[in-house]
Amino acid sequence: QNIMLQAGPLDAPYLKAQGNILNLLELKQVEVLGKLSAPAELVLDNLPEDVAEAFGTVEANFTVDDGQGFFSLKNLDAYTVNTDVWAFNAQLEVGDVENLGGVELDFDLDIADGSYFLKTLQLKEIDTGPLELSASIRGDGTHISTQIGLAAGASRIDTFFDVALQESRP
């Protein structure tokens with residue numbers, strides 16, 4: 001009971017989680033609440049530190065439990081902080097982690113000024129205007145629906161896919 005997990009440097013961990021595992025041998029009766037705080041330099045490690053710092057930090061809160069008899073990821077809410085270069089928001093739930101059942105994902109990446117974004121990355125500035133990438137996915141193991149949107153300046157394109165698994169194939 002009352003376990004704590006941590007990943008990353010001791011003085012500034014990227015991941016902290018706390019909760020209970022009441023049956024450790026069988027890894028059952030699990031309920032863990034977590035927080036992720038990952039600075040952009042983790043992925044932008046080839047850029048100078050001051051450049052990577054401009055992209056801020058991605059933070060997320062989440063819960064993992066097995067209250068329904070299988071592992072579920074609940075209430076994952078991710079977002080950017082300490083940056084004016086970009087904005088990222090995502091919400092994710094996976095009802096059954098092992099079989100990817102009950103997936104719900106909403107994702108939004110916004111860049112208010114494409115030229116500023118490129119300049120911050122130390123690339124050639126191109127006046128793209130605002131940029132947006134969004135996605136929504138819903139699935140239950142036999143059916144998945146997706147919506148993907150891309151916007152650049154005043155242009156926008158949206159795509160929709162619906163896929164269903166059939167028991168028999170023609």
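This section describes the aromatic pairs, the surroundings of Ser-134 and the largest pocket of a predicted model.

A search of the whole structure finds 3 aromatic pairs. One of them joins Phe-55 and Phe-117 in an edge-to-face arrangement. The ring centres lie 5.6 Å apart, and the planes meet at 85°. This pair links distant parts of the chain, with the two positions 62 residues apart in numbering. Phe-55 sits in the loop between helix 1 (49-53) and strand 4 (57-65). Phe-117 belongs to helix 2 (residues 114-120). Both Phe-55 and Phe-117 are buried. Elsewhere in the search, Trp-86, Phe-88 and Phe-107 make up one aromatic cluster.

Phe-107 is also among the residues that Ser-134 touches. Ser-134 is part of strand 8 (residues 131-139). Its relative accessible area is 9%, so Ser-134 counts as buried, the cut-off being under 20%. Beyond four places in sequence, Ser-134 touches Phe-107, Asp-108, Gln-147, Ile-148, Gly-149 and Arg-156. With Arg-156, the Ser-134 side chain makes a polar contact of 3.4 Å, side chain to side chain.

The largest pocket has a volume of about 150 Å³. Its lining includes Phe-55 and Phe-117, the two rings of the edge-to-face pair. Trp-86, a member of the aromatic cluster, lines the pocket too. The other lining residues are Ala-38, Pro-39, Ala-40, Leu-42, Val-43, Leu-44, Val-58 and Leu-109. By class, the lining has 11 nonpolar residues, with no polar and no charged ones.

Technical notes. Residues numbered from 1 in each chain as written. Predicted model: local features only at pLDDT ≥ 70, side-chain atom pairs only at ≥ 80, totals over all residues. Heavy atoms only, no water. Phe/Tyr/Trp six-rings, centres within 6.5 Å; stacked < 30°, edge-to-face > 60°. Helix = DSSP H or I, 4+ residues; strand = E, 2+ residues; numbered from the N terminus. Buried < 20%, exposed > 50% of the residue type's maximum accessible area, 1.4 Å probe, protein only. Polar contact = N/O pair within 3.5 Å; in protein donor to acceptor, adjacent residues only side chain to side chain. Contact = heavy atoms within 4.5 Å. 1 Å grid on protein atoms, 1.4 Å probe; cavity = no way out; pocket = protein on both sides within 12 Å on 5 of 7 lines; lining within 4 Å. Points joined across faces, edges and corners; volume = space filled by probe spheres on them. Nonpolar A, V, L, I, M, F, W, Y, C, P; charged D, E, K, R; others polar.
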